[in-house]
Amino acid sequence: MDRIIIKGGTPLRGSVRISGAKNASLPLLAAGLLCEGTYQLNNIPDLADIHSMIELLKQHGCNVIYQNNMITMDAMNIVNTTAPYDLVRRMRASILVLGPLVGRFGKARVSLPGGCAIGTRPVDIHIQGLQKLGAHIELTEGYIHATAPNGLVGATIAMPVISVTATENLMMAAVLAKGETILVNAAREPEIIDLATALIAMGAHISGAGTDRIMIQGVSQLNGATHTVVSDRIEAATYAIAAIITRGELNLMHTSLDLIPTVSAALESAGAIITPHDTGFTVKATDTPIQGIDVMTEPFPGFATDIQAQMMALMTLCEGASMITETIFENRFMHVPELCRMGANITVHGSSALVRGVPYLSGAPVMATDLRASVSLVLAGLAARGETILNRVYHLDRGYETLEEKLRNCGAHIERRTITTYEAE
Ligand code: EPZ
């Protein structure tokens, strides 16, 4: 068990190389099940979730080599089309093997992922979409049993809710289906575009990725390809907020402001000077106090829900107040009580949190509960007076590559300590 100790109060100054996107890498890895040939992915971040997905692909029979942020894999000898509960429950994005397995092999037995800390996380849209493509689905013993013995057939699928992984799963299921598939009300996240780009490199016929209407013409086979994973926009926004909350200045490289249009506008309103350059952008805190601004999370290009907790950390120190409304997930305010332990003044009313600015935060022992809540506590600790001890840092390791190292290189006083189970109690 590890914990992270932060001594706050130092303005961050320096450069950060933003890693490849976790939420692009996971569907891109699952897409490797579709192709008959060698598939290479560059700029894959070294994260716990990536290793979980690799473990899942290997038990399907994939050969996977992962070194120096590069993955070389093939799915020439798939031995089973079952994604077992003990792997899926560890990482719910494992559901992304469902579409490729049914699409290429005509069958799949994938554990229902169940809920998680931030919500019930249903997969009904994934299932209904596959049924529209002709798959027969049974839900028994906690598993999704999907079969399409004669292959999938293209269809128009109007998704009732904008869902990122449902869009990805159904796009991957459709690329080998007979005929045309149209995904209506599709998610528009940059990770969807990245997945479509890789599938097209394999030989898929896809148009409209990045819009709410994606058209896929089925082909008979996909071949190997090479693809470089898009920059992690959530990580980039997290470090941008780190610069502002510590009143410092950071140069974020290997990324782009185009990936966070609404978030960067919000940060400028809160009190940042953001300057794009050819490999990313710089973020400098203004000399004026942080301005309280209202935020509502929405599907891309709206304000990303994965940045809500980090923005709330910033708003705890604002001049005035900020209303933060979470519209995507039903339980994504678990960082609130922990921020309040550090002196924040936050009141939750249903899906909205009213954040009244306080002059300073005080370091304290705090508990990470999910990936993005945990990093919001790191941001608060970087700005707080005194020492913050963050427990359960395994949440962080799921989504932030070499977090302490990147922050230490910019002047942060942050270290990781391994503790005994006894100490952790
Ligand atoms: C993806 O999750 C991301 N994960 C999440 O990031 C992100 O928060 C989320 O999209 C929203 O942007 C990956 O890409 C691996 P959704 P996903 O399906 O696809 C409802 C992180 O921190 N819904 O877009 O699971 C759902 O309940 C993680 O990196 C259904 O009702 O999210 C939610 O209210 C957390 N039925 C809304 O749609 C379904 O079948 C959006 O969820 C599917 C979703």
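Let me begin with a term: when I speak of a polar contact, I mean a pair of N or O atoms within 3.5 Å, and I should add straight away that the structure above is a predicted model.

With that in mind, Lys22 places a polar side-chain atom 3.0 Å from an oxygen atom of the ligand, and Asn23 likewise has a polar side-chain atom that lies 3.0 Å from a ligand oxygen. From the backbone there is a further contribution, since a polar backbone atom of Ile328 is 2.6 Å from an oxygen atom of the ligand. As for how enclosed the ligand is, it exposes 820 Å² when taken alone, and the protein buries 87% of that area.

Turning to the surroundings as a whole, there are 22 residues around the ligand, of which Asp124, Ser163, Thr165, Asp306 and Ile328 come nearest. By character, this shell divides into 11 nonpolar, 5 polar and 6 charged residues. Which helices supply at least two residues each to the shell? They are α1, spanning 22-31, α5, spanning 124-132, α6, spanning 164-174, and α12, spanning 371-383, and among these α5 gives the most, with 3 residues.

Let me finish with α1, one of the helices just listed, and its packing partner. Two packed helices are described by the angle between their axes together with the distance between those axes. For α1 and helix α7, residues 190-202, the angle is about 25 degrees and the axes are 9 Å apart. Because angles under 35 degrees count as roughly parallel, α1 is roughly parallel to α7, and the crossing in which α1 passes α7 is right-handed.

Key:
Residues numbered from 1 in each chain as written. Predicted model: local features only at pLDDT ≥ 70, side-chain atom pairs only at ≥ 80, totals over all residues. Heavy atoms only, no water. Near = heavy atom within 4 Å. Polar contact = N/O pair within 3.5 Å; in protein donor to acceptor, adjacent residues only side chain to side chain. Areas by Shrake-Rupley, 256 points an atom, 1.4 Å probe, with all protein chains shown as cover. Helix = DSSP H or I, 4+ residues; strand = E, 2+ residues; numbered from the N terminus. Nonpolar A, V, L, I, M, F, W, Y, C, P; charged D, E, K, R; others polar. Axes fitted to C-alpha atoms, helices over the stretch in contact; angles between N-to-C directions. Parallel < 35°, antiparallel > 145°, perpendicular 65-115°, else oblique. Left-handed = near helix turned anticlockwise from the far one by under 90°.
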